[in-house]
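Colleague: I would like to go through this structure with you, one topic at a time. May I start with the cysteines?

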Amino acid sequence: MNHSNTPLFTALKNHAASNPVQFHIPGHKKGRGADEEFRQFIGDNALSIDLINIAPLDDLHQPTGVIEEAQALAADAFGADYTYFSVQGTSGAIMTMILSICSPGDKIIVPRNVHKSIMSAIIFSGAKPVFVSPARDENLGIDHGITTTSVRRALDRHPDAKAVLVINPTYYGLCADLKEIVELAHSRHVPVLVDEAHGVLIHFHEDLPMSAMEAGADMAATSVHKLGGSMTQSSVLNLNIKNGFVNPQRVQTIISMLTTTSTSYILLASLDTSRRNLALHGHDIAQTAIDLAQYAREEINKMDGLYCVGKEILGGEATHNIDPTKLTIHVRHLGITGYDTENWLREHYNLEVEMSDMYNILCLVTPGDKEDTIGILLKALRELSDTFFLVNQAHELIVKIPEIPQLSLTPREAFYGDTEVVPFKESAGRIIAEFIYVYPPGIPILLPGEVISQDNIDYIIDHVEVGLPVKGPEDRYIHNIKVIVETDAIF
């Protein structure tokens with residue numbers, strides 16, 4: 001295939017250049033009906049291709065023209081049999097994977113530290129989650145992925161599971177042996193679905209972890225916008241149909257059900273052009289990102305009180321490989337939290353990190369970085385080190401994450417059940433009917449259907465007080481929580 005071509009983007013440019021008289025949505029009509037300040041800021045070029053699924057531009061819901069051609073090129077670039085564009089982000093692609101495989105009552109094996117979109121899909125599908133505990137890193141205070149051993153144990157106990165879902169890489173860039181997990185699941189005739197939100201570059205460089213398609217997984221939801229240069233909310237869903245577990249027509253039906261009929265052609269065009277850039281130059285731009293990240297890692301590890309995770313962490317079942325472009329920086333020895341660090345960098349250097357937790361910050365190095373941005377990060381971290389090292393007492397690392405709560409009802413039953421509102425501090429022993437999750441990265445602490453423990457309550461309250469971005473409940477301050485109504489016993 002000729003990856004220099006951009007069939008969709010080219011069609012959009014040609015259509016805009018023909019300057020048609022538009023009597024269709026969007027109502028701004030090439031920007032002339034838009035707010036003038038916004039128009040000047042965004043630019044007429046962008047507004048001229050903010051179009052809809054008219055005949056010359058194909059239709060994402062049933063593509064037969066330039067979108068079909070663009071998706072075929074993307075499939076070739078990602079090593080997939082089929083690729084579908086998502087303008088609902090990777091969340092929409094993840095939900096499509098699960099809804100394409102699972103029916104009401106089906107079991108799906110998932111890590112407990114999943115993104116909330118996975119649990120949303122489980123609620124919509126009526127599936128029953130079989131949770132697997134992720135491997136915990138007691139030195140960094142973070143969770144990694146699930147291991148082959150834990151997947152084997154789950155399959156032994158639940159041989160009727162309809163799918164296994166794996167996160168590869170994790171938010172922090174760590175990977176288990178995905179190929180081994182895929183081979184295990186396939187030996188039990190179970191498909192493997194991969195949350196590959198943070199792994200677009202791994203398709204294009206041999207020194208990065210193995211991609212889901214290369215490992216033989218059946219579906220993978222991949223965020224092109226996170227690391228691959230496309231616009232926010234644009235992602236792809238990659239399919240491998242060789243093992244016979246996936247029906248591409250079913251997938252097309254499901255993704256269409258979840259996708260707006262007013263699809264953004266700006267987002268679609270950014271996927272088309274990002275695919276071109278990755279297919280033609282992906283190895284080189286990945287190499288640049290790797291080199292910049294490795295340089296930054298080496299410099300950070302010379303700074304007092306800071307530690308940036310590298311290949312020395314490898315060797316365990318959950319740490320089979322690492323994406324070096326993820327800079328996980330441990331700050332505990334400065335006597336401050338990751339949240340303190342994030343705020344300090346924002347206030348003193350106008351520098352924003354990807355996320356923070358109790359003991360770490362995460363910085364992503366992408367093809368958008370150059371020596372100058374890395375230099376600013378290093379300058380900021382040197383001052384951070386000088387400011388706090390030996391000034392504060394280093395905190396003892398305490399991983400206080402409670403054990404996985406008991407799932408008393410399926411998430412769907414709890415989410416749609418009869419509920420009442422009670423004070424959160426008094427909710428121990430009740431069945432929660434809402435999500436409580438940390439965003440970023442969107443990992444749930446409590447899921448609908450789980451029994452709230454006092455440990456859960458204490459953990460959430462403690463972390464809210466130190467700045468953990470806890471979200472999810474209808475009461476944003478988490479003073480109150482929705483729980484399942486308990487009916488009185490009949491004697």
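Colleague: How many disulfides does the structure hold?

Modeller: Please keep in mind that this is a predicted model. The structure holds 0 disulfides.

Colleague: Which cysteine sulfur is nearest to that of Cys363, and how far away is it?

Modeller: The nearest cysteine sulfur belongs to Cys308, and it is 8.2 Å away. A disulfide needs two cysteine sulfur atoms within 2.5 Å, so Cys363 is in no disulfide.

Colleague: Is Cys363 buried or exposed?

Modeller: Cys363 has a relative accessibility of 8%, so it counts as buried. Cys102 is buried too, with a relative accessible area of 4%. The cut-off for buried is under 20% relative accessible area.

Colleague: Let us turn to the strands. Where does β2 lie, enclosed or open?

Modeller: Strand β2 covers residues 107-111, and 4 of its 5 residues are buried. It is therefore largely enclosed by the rest of the structure.

Colleague: Which strands are joined to β2 by bridges?

Modeller: One of them is β3, residues 128-132, which is joined to β2 by 5 bridges. Another is β6, residues 163-167, with 2 bridges to β2. β2 runs parallel to β3, and β2 and β6 are parallel as well.

Colleague: Which residues stand opposite each other in these pairs?

Modeller: Between β2 and β3, Lys107 is opposite Lys128. Towards β6, Ile109 has Val164 as its bridge partner.

Colleague: What kind of unit do β2, α6 and β3 make?

Modeller: They make a right-handed β-α-β unit, in which helix α6 spans residues 116-125.

Colleague: Now a helix. What span should α4 have, and what does the model show?

Modeller: Helix α4 has 13 residues, 66-78, and at 1.5 Å a residue it should span 18 Å. Its end C-alpha atoms are 18 Å apart, so the model agrees with that expectation.

Colleague: Which residues of α4 are buried, and what do they pack against?

Modeller: The buried residues include Val66, Ile67, Leu73 and Phe78. The buried residues of α4 pack against several elements, among them α1 (7-17), β1 (82-86), β10 (235-239) and α12 (265-300).

Colleague: What happens just after α4?

Modeller: Gly79 follows the helix there and takes a positive phi of about 70°.

Colleague: Changing topic: how many salt bridges are there in the whole structure?

Modeller: A search finds 17. In general, side chains of opposite charge can pair when their charged atoms come close.

Colleague: Which residues are linked in a network with Glu299?

Modeller: Glu299, Lys302 and Arg382 are linked in a network of salt bridges. Within it, the side chains of Glu299 and Lys302 meet at 3.0 Å, N to O. Glu299 counts as buried because its relative accessibility is 15%, whereas Lys302, at 60%, counts as exposed.

Colleague: What about Glu342 and Arg346, how are they placed in α13?

Modeller: They are 4 residues apart in helix α13, residues 338-349, so about one helical turn separates them. Their side chains meet in a salt bridge of 3.1 Å, N to O. Glu342 is buried, with a relative accessible area of 17%, while Arg346 is partly exposed, at 31%.

Colleague: One last pair: what is the partner of Lys482?

Modeller: Lys482 forms a salt bridge with Glu474, and their closest N and O atoms are 3.2 Å apart. Glu474 has a relative accessibility of 63%, so it counts as exposed.

How values were computed
Residues numbered from 1 in each chain as written. Predicted model: local features only at pLDDT ≥ 70, side-chain atom pairs only at ≥ 80, totals over all residues. Heavy atoms only, no water. Buried < 20%, exposed > 50% of the residue type's maximum accessible area, 1.4 Å probe, protein only. Pairing = 2+ DSSP bridges. Right-handed = clockwise from strand over helix to strand, strands pointing away. Expected span 1.5 Å × (residues − 1). Contact = heavy atoms within 4.5 Å. Salt bridge = Lys/Arg side-chain N within 4 Å of Asp/Glu carboxyl O.
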